[in-house]
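Let's go through a protein model together, asking at each step how the words used for it are justified. Here it is.

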Amino acid sequence: MSTKAWGGRFQKSAEQWVDEFGASIGFDQQLVTEDIEGSIAHVTMLGECHILTNEEVVAIKDGLAQLKVKADNNELDFKVENEDIHLNLEKMLTDLIGPVGGKLHTGRSRNDQVATDMHLFLKKRVVEIIALIEKFQSAIVVQAEEHITTLAPGYTHLQRAQPISFAHHIMTYFWMLERDKQRFSEAMKRIDISPLGAGALAGTTFPINRERSAELMGFSSVYQNSIDAVSDRDFIVEFLANSSLMMSHLSRFAEEIIIWSTDEFKFIELDDAFSTGSSIMPQKKNPDMAELIRGKAGRAYGNLMGLLTVLKGIPLAYNKDMQEDKEGMFDTLHTVVGSLKIFEGMVRTMTVNKDVLHKAVHNDFSNATELADYLATKGMPFREAHEVTGKLVFTCIQKGIYLLDLPLEEMQKESVLLEADVFDVLAPVAAVQRRHSLGGTGFDQVKIQIDHAKTLLK
Ligand code: ARG
């Protein structure tokens with residue numbers, strides 16, 4: 001005879017190590033609050049539908065309330081022999097209030113129960129993630145407002161391209177995060193839906209009211225197909241995908257932070273609180289946190305790929321494979337929350353080395369486009385202007401100077417269209433300031449952009 005909750009038809013028990021392999025309590029205990037919440041809604045509905053008596057409902061709810069207090073104080077002693085969070089809590093409930101606790105499972109299965117827990121859990125966590133994204137966005141905006149007129153080299157191919165406002169550069173990450181935020185909230189409608197009452201897969205013979213239990217749990221709708229309700233893990237895949245894409249954004253930003261912190265760039269300095277030293281090289285200040293975030297993008301992608309692969313070949317409806325949806329989800333959640341918090345602090349406390357940036361934009365050829373545009377404005381076809389400018393750049397390289405250092409007479413050897421006012425155009429500040437096109441790096445446009453961004457933050 002087996003001692004399991006489902007042991008009736010079994011003649012012998014599995015050995016401990018087999019139980020351990022099948023158990024999920026080691027990780028699904030993180031669903032304890034949601035499992036109790038779901039049970040309270042379920043039993044309330046069972047009472048309202050006269051499936052359980054009032055006394056039974058009161059006894060069960062009282063037991064669940066006691067378990068909730070213990071859960072909040074971390075006093076529950078979960079056991080592998082009780083397999084998962086659902087059976088652990090059911091066992092604790094019956095130990096507490098007697099056999100009436102067994103009536104809680106009327107009209108439901110662990111299959112709809114676990115799906116319900118996951119929906120409840122993610123619904124709360126996604127709200128928290130959105131708030132953390134906003135906090136990070138605010139830190140970006142604060143730095144951006146400080147550095148609207150701080151000039152910086154803009155890159156393509158990691159080669160100096162055109163001068164830009166430093167604020168414009170970092171605001172790019174604001175907009176990436178804005179889309180991440182949108183994706184998380186748009187996905188919410190597929191999280192905010194109740195599978196409870198789907199039973200094992202086919203629904204139930206009890207006269208339950210699924211809309212009512214959904215309402216009690218705060219869900220906006222219910223699954224229309226009981227098989228879909230217990231088989232669907234799309235909402236978790238979406239969460240992992242949205243998290244992965246966001247981690248790719250954080251990783252790109254982390255990469256720039258790392259590059260900017262090098263002696264070669266020195267564009268920024270990270271606060272000591274977000275850096276680490278070396279155990280052998282006393283001079284080192286390493287951007288470990290940024291590197292870790294860049295690395296953690298990898299585990300987020302892994303979790304996404306893992307779940308997609310788990311799901312791809314399983315027939316309807318529930319299969320135990322689906323228990324594998326949890327660890328990756330918890331891990332990604334942990335990764336995303338940690339990365340957002342760290343990044344917010346890192347950006348809020350970093351020092352932007354204005355002088356280094358200033359020097360950088362003055363010691364390069366990133367104003368070459370200005371020269372070509374100048375000639376084009378004077379009527380020269382742009383292709384020809386490009387060629388003339390390229391020749392002047394080459395002359396400068398040979399002389400070891402920059403365009404602003406080239407005497408006008410030298411320039412005019414390539415084109416008589418070049419006049420004294422070309423030097424105004426070549427000043428990096430002019431190159432930035434004059435880019436007034438909507439969304440461009442012109443200071444006025446950056447200001448407009450930041451003002452717009454601020455309206456999107458609560
Ligand atoms: N621990 C299981 C899981 O996470 C709960 C559902 C078990 N259902 C079942 N029929 N074995 O998926």
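**How the labels are earned**

Q: Which helix gives the largest share of the shell around the ligand?
A: Helix H6 (residues 110–146) does, with 3 residues. Helices here are DSSP runs of H or I with at least four residues, and strands are runs of E with at least two, numbered from the N terminus. Please keep in mind that this is a predicted model, in which local features need pLDDT of at least 70, side-chain atom pairs count only at pLDDT 80 or more, and totals for chains, interfaces and linings use all residues. Residues are numbered from 1 along each chain as its sequence is written.

Q: What makes a residue part of the group around the ligand?
A: Its C-beta atom, placed from the backbone, must lie within 6 Å of the molecule. The residues around the ligand are Ser24, Asp28, Asp84, Arg110, Asn111, Val114, Tyr318, Lys320, Met322 and Gln323.

Q: How do the residues of the shell divide into nonpolar, polar and charged?
A: There are 3 nonpolar, 3 polar and 4 charged residues. Ala, Val, Leu, Ile, Met, Phe, Trp, Tyr, Cys and Pro count as nonpolar, Asp, Glu, Lys and Arg as charged, and the others, Gly among them, as polar.

Q: Why is the ligand shell said to lie between domain 1 and domain 2?
A: Both domain 1 (14–106) and domain 2 (111–204 + 224–353) give residues to the shell, so it lies between them. The domain bounds come from an automatic or database domain assignment.

Q: How many residues of domain 1 are in contact with domain 2?
A: 11 residues of domain 1 are in contact with 11 residues of domain 2, where contact means C-beta atoms, placed from the backbone, within 7 Å. On the domain 1 side, H3 supplies the largest share, 5 residues.

Q: What span is expected for helix H3 (residues 32–48), and what does it reach?
A: The expected span is 1.5 Å times one less than the number of residues. H3 has 17 residues and reaches 24 Å from its first C-alpha to its last, close to the 24 Å expected. H3 is also mostly covered, with 13 of its 17 residues buried.

Q: Why does isoleucine 257 count as buried?
A: Buried means 20 or more other C-beta atoms within 10 Å of a residue's own (exposed: 12 or fewer; partly exposed: in between; atoms placed from the backbone). Isoleucine 257 has 23 C-beta neighbours inside 10 Å, so it counts as buried. Isoleucine 257 sits in helix H10 (residues 234–260).

Methods
Contact = placed C-beta atoms within 7 Å.
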